[in-house]
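Hi,

Here is the structure I promised to pass on. Have a look at it first, and then read on for what turned up.

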Amino acid sequence: MKRSRAIAGSAAALAVAGLATMATATTAAAAPTAAAYNGACGSGYKVVNSVPVTGKGTVYLTYSATTGKNCVVTVRNSPGAPVYMYTYLTATDGSSDYVYDSGQYTSYAGPVYLPGKGICVDWGGAIGSVSVSVSGSNCGRLAAGVVTHH
């Protein structure tokens, strides 16, 4: 009798685990899709790097070969009620001041611009309390840089 209860208990545990896995899969499928670049930097700017703001949106680094400028914009996955957002850009070598935009926004923060021909840049953004930064990236050859999530 004890043996059959143990087997029945194991079967019940497996059934519960299976249901939990199915619930997790359903939840993951319902997660918001990543924010697409919205063109906020203007014509001629192409996305050269991006980093997700975990579960909230994406920060995009763009570059215009025509102007020689970088541009950064932080985009929410889903526009909605205003939330604190921030986006910034600076030269890694300290040769420029930080350029940034922050405030309560419904869909995106930025754009911010910085001449960037042949220099490494630090850039990032925040949505609500989640922030991300990238250091020493895009040094003329699309160096990945170092990503830090906060």
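Let me begin with the contacts: of those in the protein chain between residues at least 6 apart in sequence, 47% join residues at least 24 apart. Please keep in mind that this is a predicted model.

The overall layout is quickly told. The protein chain has one helix and nine strands, and along the sequence they run α-β-β-β-β-β-β-β-β-β. Of its 150 residues, 32% are buried. The accessible surface comes to about 8500 Å², with 61% of that belonging to carbon and sulfur atoms.

Next, the interior. The largest nonpolar core contains 18 residues, and Val59, Val72, Leu89, Val121 and Trp123 have the most contacts inside it. At least two residues of this core come from each of β1, β2 (57–64), β4 (83–91), β6, β7 (121–127) and β8 (130–137). Val121 is a good place to start browsing: beyond its neighbours within four places in sequence, its contacts include Leu61, Leu89, Leu114 and Val134.

There are two disulfides, and they follow the pattern 1-2, 3-4 when bonded cysteines are counted along the chain.

- Cys41 is joined to Cys71, with an S to S distance of 1.9 Å. The torsion about this S-S bond is about -80 degrees, so the disulfide is left-handed. Because Cys41 sits in the loop between α1 and β1 and Cys71 in strand β3 (residues 69–76), the pair ties together parts that are 30 residues apart in sequence. Cys41 is buried at 5% relative accessible area, and Cys71 is buried at 0%.
- Cys120 is joined to Cys139, also listed with S to S 1.9 Å. This link is right-handed, with 120 degrees about the S-S bond. Cys120 belongs to the loop between β6 and β7 and Cys139 to the loop between β8 and β9 (146–149), so parts 19 residues apart in sequence are tied together. Cys120 is partly exposed at 27% relative accessibility, as is Cys139 at 29%.

Finally, the aromatics. A search of the whole structure gives five aromatic pairs. In one of them, the ring centres of Tyr45 and Tyr113 are 5.6 Å apart and the planes stand at 65 degrees, so the pair is edge-to-face. Tyr45 lies in the loop between α1 (2–29) and β1 (46–53), and Tyr113 in strand β6 (residues 108–115), so this pair ties together parts that are 68 residues apart in sequence. Tyr45 is buried at 11% relative accessibility, whereas Tyr113 is partly exposed at 32%. Elsewhere on your tour, look for Tyr86, Tyr88, Tyr98 and Tyr100, which form one aromatic cluster.

Enjoy exploring, and best wishes!

Notes. Residues are numbered from 1 along each chain as its sequence is written. This is a predicted model: local features need pLDDT of at least 70, side-chain atom pairs count only at pLDDT 80 or more; totals for chains, interfaces and linings use all residues. Side-chain values use heavy atoms; hydrogens and water are left out. Rings of Phe, Tyr and Trp (its six-membered ring) pair if their centres lie within 6.5 Å; planes under 30 degrees apart count as stacked, over 60 as edge-to-face and the rest as tilted. Helices (H or I, at least four residues) and strands (E, at least two) are DSSP runs, numbered from the N terminus. Buried means under 20% relative accessible area, exposed over 50%, partly exposed in between (1.4 Å probe, protein chains only). Contact means heavy atoms within 4.5 Å. Accessible areas come from the Shrake-Rupley method with a 1.4 Å probe; for residues, only the protein chains shown count as cover. A nonpolar core is a set of buried Ala, Val, Leu, Ile, Met, Phe, Trp, Tyr and Cys residues joined through side-chain atoms within 4.5 Å. A disulfide is a pair of cysteine sulfur atoms within 2.5 Å.
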